[in-house]
Amino acid sequence: IEYSNHYIPLTRDALIERLQNSLRPKRFHHVLRVEQTAIKLAKRYHVDLEKASIAGLCHDYAKQRPDDVFIAEIKKKHLDPDLLNWGNAIWHGVVGAELLKDECGIWDEDILNAVRHHTTGAVVMSPLEQIVYMADYIEPARDFPGVDRARQITDEDLGAGVAYQTKHTLAYLIKNNKPVYPKTIETYNAWVAKYE
Ligand code: GDP
Ligand code: FE
Ligand code: FE
Ligand code: FE
């Protein structure tokens with residue numbers, strides 16, 4: 001897939017090189033698989049393949065930054081101060097999108113929202129956002145009970161896939177006594193009742 005320059009002022013090769021330099025090999029290979037999965041879903045659901053490639057590659061761009069980078073960015077961009085009560089799991093998407101603007105020249109709000117919402121989902125998600133949320137969950141190396149069901153549902157109905165992931169992630173968080181980010185609950189209320 002060749003980039004048009006409409007969404008990022010880099011070639012795919014140059015973007016790949018940046019990712020290789022900022023991510024450990026395991027994480028780098030994960031983003032390549034998420035890209036391929038996102039492209040497949042984009043073909044299936046008639047979404048722009050270039051945007052799917054960029055968003056898939058960039059979704060974990062900031063995953064390996066130290067906490068102080070996120071904290072400085074939250075303050076600099078005047079993001080929701082409640083973010084300071086959370087950690088890398090929540091920051092790398094929402095705050096990572098800001099770093100993509102600063103460092104990679106991505107300004108397309110659909111791509112940025114796909115990165116912002118890839119961990120928690122959101123009440124309203126575009127087809128691209130749903131694709132990246134699902135691609136991260138079902139990429140070929142993911143292996144957990146229910147992943148094949150998630151792949152099957154996502155191929156049948158993208159929104160039903162979003163509902164499935166949201167329900168199972170919330171159940172996992174609760175079972176393990178993890179704090180639930182408010183947006184995760186909002187996503188659950190918006191997507192799960194609707195499809196069950
Ligand atoms: P990854 O970056 O490819 O590993 O995947 P994600 O960005 O989707 O998820 C990162 C981590 O955040 C996972 O361990 C999730 O279980 C976790 N996570 C997702 N939602 C929440 C939440 O509401 N609260 C907390 N504490 N963790 C969450
Ligand atoms: Fe992530
Ligand atoms: Fe995810
Ligand atoms: Fe990921």
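Does His-59 count as buried or exposed, and at what relative accessibility? In this predicted model, where local features need pLDDT of at least 70, side-chain atom pairs count only at pLDDT 80 or more, and totals for chains, interfaces and linings use all residues, side-chain values rest on heavy atoms, with hydrogens and water left out. Residues are numbered from 1 along each chain as its sequence is written, while chains are lettered from A and ligands numbered from 1 in the order in which they are written. At 0% relative accessibility, His-59 is buried (under 20% relative accessible area, against over 50% for exposed and in between for partly exposed, with a 1.4 Å probe and protein chains only).

His-59 (NE2) is one of the protein donors of the iron ion (ligand 4), together with His-30 (NE2), Asp-60 (OD) and Asp-136 (OD), lying 2.2 Å from the ion; donors are N, O and S atoms within 2.8 Å of the metal, or 3.2 Å for Na, K and Ca, and sites may look incomplete because water is not among the atoms. Asp-60 also bridges this ion and the iron ion (ligand 2), the two lying 3.6 Å apart. His-30 is likewise buried, at a relative accessible area of 5%.

Three aromatic pairs are present, where rings of Phe, Tyr and Trp (its six-membered ring) pair if their centres lie within 6.5 Å, and planes under 30 degrees apart count as stacked, over 60 as edge-to-face and the rest as tilted. Among them is the tilted pair of Phe-70 and Trp-91, with 5.7 Å between centres and 40 degrees between planes, and both residues are buried.
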